[in-house]
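I am keeping these entries as a record of what I looked up, one topic at a time. I began with each chain on its own and then turned to how the chains meet.

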Amino acid sequence: MKEIFFDQIAIGEQLPSLTKPPITRTTLAYFCGASNDHNPVHVDSDFARAAGADDVFVHGMLDMAYMAQLLTGWVPQAAIRSFGVKFGAIVYVGDTITCHGEVVDKVEIDGVYILKLKLKAVDQKGESKLTGDAQVRVSAPKVGE
Amino acid sequence: MLDKTLIGKSFPALMVDVEKWQLKFFAKAVGEENPIYFDEESAIAEGYRSILAPPTYGVTLGCAVPDPFFRAKAVGLDATRILHTAQSFEYFEPICGGDQITLVATITDVFEKRRGAFKFMVEETVATNQLGQLTTRFRQTVVDRA
């Protein structure tokens, strides 16, 4: 992973985007067990239909886990100070999620250099599914070295 | 019933072992390629005690009980009707395989939108490790669609 220096990042800079494979029922079955979220609305189509939905839908926490991968692909996990999302629209089986991030502010607090990020996940049609923000710590400016 | 009197209600502390096999399973489920999330040697080489739990894993630990929806049910919500609308984390110390995490969840807000058609609950969870260190504090918002 490339070290990121505070002065080498401009406001407006885009993080490398992350596109995940299409979400299948198998993905949801795995995530059900792996995440401890066994809510049948995510894996049991019969249950989902009886509950009035068209079909099972994706765990919001799976989308958030994908967004976390956007961050940890860019900075080490220990550099993440905070990370939050809003689940704007339901994600369905077959959807392909792409995560985007942008640097929207840079601040220095007591010698800690922080980038503020705006996050967004969209499906294959470009429809927004999740929005969020994060703060990550980066290395001190290289200037003068 | 979901109402303002629930604000401040804390649930009994939950002590959870961070299982290495489950971290590996989680990594597989999300298509993780960085070995610090599924291979102990790689994680140790990066300075961690063991396999590193990914950023959203606190919620998974909070669900590590026979019925992950017991808190929602305790306040009268139907787990099949609630939607997760927001989730946020603040990070302090890493969580690793083999850790024992104590989670304490408190209801911090209850509010309505559209004249009560949608009822929201916000729950904050503090997760401390076996060394007494704060690892993460996270906030979950759910809506009752009823």
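The entries below follow the order in which I looked things up.

**Entry 1: what kind of model this is**

I note at the start that this is a predicted model, and I keep that in mind for every value that I write down here.

**Entry 2: chain A alone**

I looked up the secondary structure of chain A and found three helices and five strands, which run β-α-α-α-β-β-β-β when I start from the N terminus. The C-alpha atoms of chain A fill a box of roughly 65 × 30 × 25 Å along the principal axes. Of its 145 residues, 34% count as buried. I also checked how far apart in sequence the contacting residues of chain A are: among contacts between residues at least 6 apart, 67% join residues at least 24 apart.

**Entry 3: chain B alone**

For chain B I found four helices and five strands, and the order from the N terminus is β-α-α-α-α-β-β-β-β. The box filled by the C-alpha atoms of chain B is roughly 55 × 30 × 25 Å, again along the principal axes. Buried residues make up 37% of the 146 residues in chain B. Among the contacts in chain B between residues at least 6 apart in sequence, 69% join residues at least 24 apart.

**Entry 4: the sheet**

In what order do the strands of the open sheet of 10 strands lie? I traced it as β1(A)-β3(A)-β4(A)-β5(A)-β2(A)-β2(B)-β5(B)-β4(B)-β3(B)-β1(B), with antiparallel pairing. The edge strands are β1 of chain A, residues 18-19, and β1 of chain B, residues 14-17, each of which pairs on one side only.

I then followed the strands of chain A from the edge. β1(A) and β3(A) run antiparallel and are joined by two bridges, and the bridge partner of A:T19 in β3(A) is A:T98. Between β3(A) and β4(A), which also run antiparallel, I found 11 bridges, and here A:H100 stands opposite A:K120 in β4(A). β3(A) and β4(A) form a hairpin with two residues between them, and A:D110 in the turn has a positive phi of about 50°.

On the other side of the sheet I started from β1(B), which pairs with β3(B), residues 100-113, in the antiparallel sense over four bridges; B:D17 stands opposite B:Q100 in β3(B). β4(B), residues 118-128, is joined to β5(B) by 10 bridges, and the two run antiparallel, with B:M121 opposite B:V142 in β5(B). β4(B) and β5(B) form a hairpin as well, with five residues between them, and B:G132 in its turn has a positive phi of about 85°. Nine bridges then join β5(B), residues 134-144, to β2(B), again running antiparallel, and B:Q87 stands opposite B:Q140 in β5(B).

**Entry 5: where the sheet passes from one chain to the other**

I looked closely at the pair of strands that links the chains. β2(A), residues 80-87, and β2(B) pair in the antiparallel sense over five bridges, and the bridge partner of A:G84 in β2(B) is B:S88. Helix α3 of chain A, residues 60-72, lies across β1, β2, β3, β4 and β5 of chain A together with β2 of chain B, and α3 runs at about 140° to β2(A).

**Entry 6: the contact between the chains**

How many residues of chain B are in contact with chain A? I found 29, and they meet 34 residues of chain A. The elements that give two or more residues to this side of chain B are α1, α3 (57-62) and β2 (82-91) of chain B. Of these, β2(B) gives the most, with eight residues. I sorted the residues on this side of chain B into 16 nonpolar, 10 polar and three charged.

**Entry 7: the two α1 helices**

Last, I compared the directions of α1(A), residues 25-35, and α1(B), residues 20-29, whose axes come within 9 Å and cross at roughly 150°. Because of that angle, α1(A) is roughly antiparallel to α1(B). The crossing of α1(A) past α1(B) is left-handed. A:Y30, A:F31, A:G33, A:A34 and A:S35 in α1(A) meet B:Q22, B:F25, B:F26, B:K28 and B:A29 in α1(B), and the residues of this contact divide into six nonpolar, three polar and one charged.

Definitions and conventions: Residues are numbered from 1 along each chain as its sequence is written. Chains are lettered from A and ligands numbered from 1 in the order in which they are written. This is a predicted model: local features need pLDDT of at least 70, side-chain atom pairs count only at pLDDT 80 or more; totals for chains, interfaces and linings use all residues. Axes are lines fitted to C-alpha atoms, for helices over the stretch in contact, and angles run from 0 to 180 degrees between N-to-C directions. Angles under 35 degrees count as roughly parallel, over 145 as roughly antiparallel, 65 to 115 as roughly perpendicular and the rest as oblique. A crossing is left-handed if the near helix is turned anticlockwise from the far one by less than a right angle, and right-handed if clockwise. Two residues are in contact if their C-beta atoms, placed from the backbone, lie within 7 Å. Ala, Val, Leu, Ile, Met, Phe, Trp, Tyr, Cys and Pro count as nonpolar, Asp, Glu, Lys and Arg as charged, and the others, Gly among them, as polar. Two strands pair if DSSP finds at least two bridges between them. A residue is buried if 20 or more other C-beta atoms lie within 10 Å of its own, exposed if 12 or fewer, and partly exposed in between; C-beta atoms are placed from the backbone.
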